[in-house]
Amino acid sequence: MNTPPPKNQGGPLHVWHALGHSIRGLKKAWQREVAFRLEIVLGVPMLVAAPWLAPDRWALVLLLGSVVLVWLVELINSALEDRKSTRLNSSHEWISRMPSS
């Protein structure tokens, strides 16, 4: 599972590799992002309590969907922040290697 599949490979093996990448990403988010951990810890009890709190099925769908949407937006935000910090660090290294004039 450590080697990425070739570009032209498809089917179940491709899905298996993609699942492995997704799980690694979730582990990194759990380890590095305090906000993500907080939202998971607060969201899981909400998901459990939602069937008792919702008056009908549509309200249940909205409750569950809003919790999952918060998680997805936090993951996207974390990915963008990680990309931004990686980009800033690499540009900082490039600038520091420039000769002073």
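**A helical chain, its patch and its core**

Reader: Happy to dig in! Which residues make the nonpolar surface patch of about 380 Å²?

Author: This is a predicted model, where local features need pLDDT of at least 70, side-chain atom pairs count only at pLDDT 80 or more, and totals for chains, interfaces and linings use all residues. Residues are numbered from 1 along each chain as its sequence is written, and side-chain values use heavy atoms, leaving out hydrogens and water. Patch members have over 30% relative accessible area and no salt bridge (a side-chain nitrogen of Lys or Arg within 4 Å of a carboxyl oxygen of Asp or Glu), nonpolar side chains being joined within 5 Å, with areas from the Shrake-Rupley method and a 1.4 Å probe. The patch is made by Leu 13, Trp 16, Leu 19 and Ile 23.

Reader: Is Trp 16 buried, partly exposed or exposed?

Author: Trp 16 lies in helix 1, residues 12-32; helices are DSSP runs of H or I, at least four residues, and strands are runs of E, at least two. Buried means under 20% relative accessible area and exposed over 50%, with partly exposed in between. Because its relative accessibility is 48%, Trp 16 counts as partly exposed.

Reader: Nice! Which elements give two or more residues to the largest nonpolar core?

Author: A nonpolar core joins buried Ala, Val, Leu, Ile, Met, Phe, Trp, Tyr and Cys residues through side-chain atoms within 4.5 Å. The largest one has five residues: Ala 29, Phe 36, Ile 40, Val 67 and Trp 71. Those elements are helix 2 (34-53) and helix 3 (57-97).

Reader: And what share of the 101 residues is buried?

Author: The protein chain has three helices and zero strands, in the order α-α-α from the N terminus. Its buried residues make up 14%.

How values were computed. Buried means under 20% relative accessible area, exposed over 50%, partly exposed in between (1.4 Å probe, protein chains only). Patches are made of residues with over 30% relative accessible area and no salt bridge: like charges are joined within 9 Å, nonpolar side chains (Val, Leu, Ile, Met, Phe, Trp, Tyr) within 5 Å.
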